[in-house]
Amino acid sequence: MKKIMLILSLMLSVYSFNFAQTVDDALRYSQIFYSGSSRFTSMGGAFTALGGDLSTLSQNPAGIGVFRSSEITMTPQLFHINTRASFKYDSSDDYLYDFNLAQAGFVMNLIRNNSETGLINLNLGYSFNKTNNFNQTAIINGVGDRSSLADYWAEYNNGYTVDEMSSDAYLGWTGYVIDSISGYNDQWGTVFSGYGEETSVYGQTITRYVDYSGSTGEHAISIGGNYSNKLFFGAALGISRLRFTSHYEHLETTDEELPSRYSDLSGFSDFRYTFDYDNTGTGFTFKLGTIYKPIEALRIGFAFHSPTIFRIHEEAYDNLTAHFDEGGLQEASNNILGFDYALTTPFRVMIGAAIQIKKLALVSAEYEFADYRAARFSTVGNDSYDYSLKNQQIKNSLKSSNNLRLGAELRLNKIYLRGGYSLYGRALQSEDINRELQYNSLSCGIGFREQNINIDLGYTNIYNPLNYILYDTYSETAISDMWVSRNIFSVTFGYKFGY
């Protein structure tokens, strides 16, 4: 009865989620996996020194100065991702498809001279470029032979009373999955550990369904030109939009007849915990770039991106249900809570070089630097929340990253064959469980150009390992080893006018 009265009183309280604004969020919105036209992606995105492609407006805005005519392009994309998850000697695969717009834009001549010296042209351009695709699903299956998510709730909240515990533990307590140890009001046990009074009974089946969706995309407005066919220059304003939705369902079910300390409940069967949060935001950045051509066959490119300042709105919600053979369904949920905060991502520097081999072929390479330790959360409006601890966690958990992109193109009359490789380096400190996380990308493509039209096809595969932590307890850290493979198919339609 005492527990029931506490539930009625606490249902009117407001609980804060202890998982909002994490290091993972800071890294997720700071990393950029450049996408764009099929030519751009099939050459590994190595365009810092090349230009002449609308996708470069989000990378090196000096690329707009390479255009000699006005042009419009559009790139639809088919995104396929497969995730293999291994947990407790079991493994499973899950996949999804996503059809989206990877790039669309135009460039137009403002000034065009026929001379070979001075300001030869000045161009204005706009391009939308997808910079990250968050869509992913995974199914994790295994046997909880030593621990449970409920143990994490109980251990994390030892030393806290009911009105002080975290929101997820409160739901577990409401659903009778965790309860206080006899004689204490701030020490907790679980249905699997016999609430600290009986022999532990594990061996339950654990299943977690993970579903991520959303993306980041940038609207780049750029102006740039060509000076004496030696120096190409440009500047761009980037307006980024982000949307990320995270949903997971964690189910634990047992065939054991687990007792309950309450007379009206017996025969615990299973519990299901779901957690959802949704982030939407807008960010602004400024970019400068140059491409210098010392000789006809060589181009050297440089670009600087200022930090992107995002303003993000987040909503979070969680729910728990528990089933008992006697007593039926127990259900509890927390109200949807909203947060507003700002995130400043690190600046980026890119340098690249490209070699033109007559009219037969070209090769391009570039290096990108980003220091993810510089990412920072901050308040917006009248919010007085102190982000100093979370920002220190970012500094302690992340590090600078070195990214490499390579590309090549072979011209066979009107047909172009392309290939590329990209490496997005490690961004997590050596103490992190995902310290080896890096992304490798292989790409290829083919293009056709005839007078004022072009059609390009591209394929990219991005793959990476990942350690996914379900929960962490004193007895074990429950980890799923994942292997993630993304297959991206794109086609670009382009049209030149005024050439």
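**Exercise 1. Classify the two tyrosines Y385 and Y387 by their accessibility in this predicted model, and then describe how their rings are arranged.**

Solution. Begin with Y387, whose relative accessibility in the predicted model is 6%; because buried means under 20% relative accessible area, Y387 counts as buried. Turn next to Y385, which has a relative accessibility of 42% and therefore counts as partly exposed, since that class lies between the limit of 20% for buried and the limit of 50% for exposed. For the rings themselves, a pair of aromatic rings is described by the distance of the centres and the angle of the planes. The ring centres of Y385 and Y387 are 4.7 Å apart and the planes stand at 65 degrees, so this pair is edge-to-face, given that planes over 60 degrees apart count as edge-to-face.

**Exercise 2. Describe helix α4, from the residue that caps its N-terminal end to the residues that are buried in it.**

Solution. The helix covers residues 149-156, and the cap at its N-terminal end is S148, which places a side-chain oxygen 3.0 Å from the backbone nitrogen of A150. A150 is itself one of the buried residues of α4, together with L149, D151, W153 and A154. For W153 the value can be given as well: its relative accessibility is 1%, so W153 counts as buried.

**Exercise 3. Starting from the count of aromatic pairs in the structure, work out the geometry of the pair W153 and F271, and state which parts of the chain the pair ties together.**

Solution. The structure holds 27 aromatic pairs. In the pair formed by W153 and F271, the ring centres lie 5.8 Å apart and the planes meet at 55 degrees, so the pair is tilted. As to location, W153 belongs to helix α4 whereas F271 belongs to strand β9 (residues 266-295), so the pair ties together parts that are 118 residues apart in sequence. F271 has a relative accessibility of 0% and therefore counts as buried. The final step is to place the pair in its surroundings: W153 and F271 are members of a cluster linked by ring pairs, which also takes in Y29, F134, Y212, F244, Y248, Y273, F275 and Y277.

**Exercise 4. Find which charged side chains lie over the rings of Y29 and Y248, and at what distance from the ring centres.**

Solution. Over the face of Y29 lies R28, at 5.6 Å from the ring centre. For Y248 the partner is R208, whose charged end sits 4.2 Å from the centre of the ring. Both tyrosines belong to the aromatic cluster of the previous exercise.

**Exercise 5. Characterise the largest cavity and the second largest pocket by volume, by lining residues and by the elements that contribute to the linings.**

Solution. Take the cavities first, of which the structure holds 4 with a volume of 30 Å³ or more. The largest cavity encloses about 180 Å³ of space, and of the 17 residues that line it, I32, E218, S240, T308 and F310 lie nearest its centre. The elements giving two or more residues to this lining are α2 (23-30), β7 (204-227) and β9.

The second largest pocket has a volume of about 1,300 Å³ and a lining of 42 residues, with R39, V66, R299, Q356 and K496 nearest its centre. At least two lining residues come from each of several strands, including β1 (70-87), β10 (298-305), β20 (453-472) and β21 (477-497).

**Exercise 6. Compare the settings of S441, N396 and N114: in which element or loop does each lie, and is each buried, partly exposed or exposed?**

Solution. S441 is located in strand β19 (residues 439-450), and with a relative accessibility of 5% it counts as buried. Apart from neighbours within four places in sequence, S441 makes contact with G420, Y421, S422, T460, N461 and I462.

N396 is part of helix α6 (residues 388-397), and at 49% relative accessibility N396 counts as partly exposed, because exposed requires over 50%. From N396 to F339 the C-alpha to C-alpha distance is 24 Å, with their positions 57 residues apart in sequence.

N114 occupies the loop between β2 (90-112) and β3 (119-133), and its relative accessibility of 75% means that N114 counts as exposed. N114 and A235, which are 121 residues apart in sequence, have their C-alpha atoms 23 Å apart.

Notes: Residues numbered from 1 in each chain as written. Predicted model: local features only at pLDDT ≥ 70, side-chain atom pairs only at ≥ 80, totals over all residues. Heavy atoms only, no water. Buried < 20%, exposed > 50% of the residue type's maximum accessible area, 1.4 Å probe, protein only. Helix = DSSP H or I, 4+ residues; strand = E, 2+ residues; numbered from the N terminus. Polar contact = N/O pair within 3.5 Å; in protein donor to acceptor, adjacent residues only side chain to side chain. Phe/Tyr/Trp six-rings, centres within 6.5 Å; stacked < 30°, edge-to-face > 60°. Lys NZ or Arg CZ within 6 Å of the ring centre and 35° of its normal. Contact = heavy atoms within 4.5 Å. 1 Å grid on protein atoms, 1.4 Å probe; cavity = no way out; pocket = protein on both sides within 12 Å on 5 of 7 lines; lining within 4 Å. Points joined across faces, edges and corners; volume = space filled by probe spheres on them.
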